Amino acid sequence: MKRPTPTVQRTLVGALDVGSSKVCALIAEPGEDGALNILGTGQRASRGVKRGFISDMAACEAAIREAVEQAERIAATRVEQVYVGFSAGGMVSDVANVEVAIGGRQIGQSDIDALLDAGRDAIDPKDRTILHAVPAFYTLDGLDGVKKPLGLHADKLAVDIHLVAAEPAPAANLDLCVRSAHLGVEAIVASPVATGKSCLSDEERELGVALVELGAGVTNVSVFAVGTLAGLKSIPMGAGDITDDIASTFGTRRAEAERIKCFYGSASTTPRDNHDMIELAPIAGGGDGVESARITRAELVAVIRRRLDQLTGEIAAALKQLGFSGPLGRQVVITGGGAELKGIADYLQGALGRTVRVGRPRLPGLPEAHSGPAFATLAGLAQFAGSDELDLRVRMVRPSKTGGRASSGSVLQRLITAFRSGY
């Protein structure tokens, strides 16, 4: 049933993160200074989502409605449009370059608008859905890194456009599911783009940093360089697989396995692990003479580390494929619900041989319950919505034979290539 029409119209920002383990929503109101005032948040257990893909439309729609309605009750208002996070596999990152002749005169706003229009026409989706098409920086007569070319003189003006694209079917299913819950979709935002906004500093983006989002069903590995997303890769494995390993190894329910993972689990070992005992309920319950099982903490940690060893190997391979290699000292930031596992940062630091920190959302006003790494994407979606970042993703078409000249050898692409080759 459609929700009643609100009586008060306000300028609101809505964020919706549809994950494999939870669906969470956030409603905020931008202030006069541009800062976001958090009005309400909501969370429900995810249903109908596997590995980031919609598997049951009706179940997922119900979870979305419940999470959004909870946020609306707390905020005492209703949100009409939401920015939705996309974390399923199949995302790719690329750079397009467009150049126009200026003739040595002063650059006006009409020249910039014409260049961006040519850039929009020059983008080839290649049978994918464009999620982001953001002008990274401009180039004037070979001088790169220009942020504001307006008013400057040049013979040639070029722009590097950073692209993030996804497989069309999963993105369309997510869009349909949200709209079926009577919500408008303002934009579908790639999870690494949103999470990067909430967890990474500008300096980290410039110098080079890897972001590992350890979700329940999917681990997204992305690399940022020269201030933008340089590449990404999805691994169909996450913290939920650790929970399933615990449940199957010790013969207990998933809910019980998740509980003991959160309370007693760790990625690191201690001398006391063989002496600490953990009681867990059997999968059949406590009836019919079935007694609760008792395991040592060392047994639990061994199961956790076995899966982490496998996952870390996949992460290391992804970083190598993305070119995140070379001199030591490059930063890795781990976030997502899996980053809340005790000792995970120290474990990854030893396994990857790089400095690792846990990334938490930096959004003032977040409730304490939603301020951990599990909610980094949600906070980043709100920050993305509140930013004035220009995006050309609207009205994407095939390459035009007129207008600006497209080139694959852009400055941004060369910088990213240099980054991937370790300079």
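**Two helix crossings in a predicted model**

Helix 1 goes past helix 3 in a right-handed crossing. That's one of two helix pairs to look at here, and keep in mind that the model is predicted. For the wider setting, the protein has eleven helices and 19 strands.

**Helix 1 and helix 3**
- Helix 1 covers residues 57-75 and helix 3 covers residues 168-180; their axes sit 8 Å apart and the angle is about 55°.
- The two helices are therefore oblique to each other.
- Helix 1 brings M57, C60, E61 and I64 to the contact, while helix 3 offers N173, L176, C177, V178 and S180.
- Sort the residues of this contact and you get six nonpolar, two polar and one charged.

**Helix 8 and helix 9**
- Further along the chain, helix 8 (residues 297-321) and helix 9 (residues 344-352) have axes that come within 10 Å and cross at roughly 55°.
- That crossing angle makes helix 8 oblique to helix 9.
- The handedness of this crossing is right-handed.
- On the helix 8 side, the contact uses R305, L308, D309, T312, I315, A316 and L319; on the helix 9 side, I344, Y347, L348, A351 and L352.
- Nine residues of this contact are nonpolar, one is polar and two are charged.

**The protein overall**
- Of the 423 residues, 53% are buried.
- Among contacts with a separation of 6 or more, 70% join residues 24 or more positions apart.
- About 19,100 Å² of the protein is exposed, and carbon and sulfur atoms supply 50% of that area.

How values were computed:
Residues numbered from 1 in each chain as written. Predicted model: local features only at pLDDT ≥ 70, side-chain atom pairs only at ≥ 80, totals over all residues. Heavy atoms only, no water. Axes fitted to C-alpha atoms, helices over the stretch in contact; angles between N-to-C directions. Helix = DSSP H or I, 4+ residues; strand = E, 2+ residues; numbered from the N terminus. Parallel < 35°, antiparallel > 145°, perpendicular 65-115°, else oblique. Left-handed = near helix turned anticlockwise from the far one by under 90°. Contact = heavy atoms within 4.5 Å. Nonpolar A, V, L, I, M, F, W, Y, C, P; charged D, E, K, R; others polar. Buried < 20%, exposed > 50% of the residue type's maximum accessible area, 1.4 Å probe, protein only. Areas by Shrake-Rupley, 256 points an atom, 1.4 Å probe, with all protein chains shown as cover.
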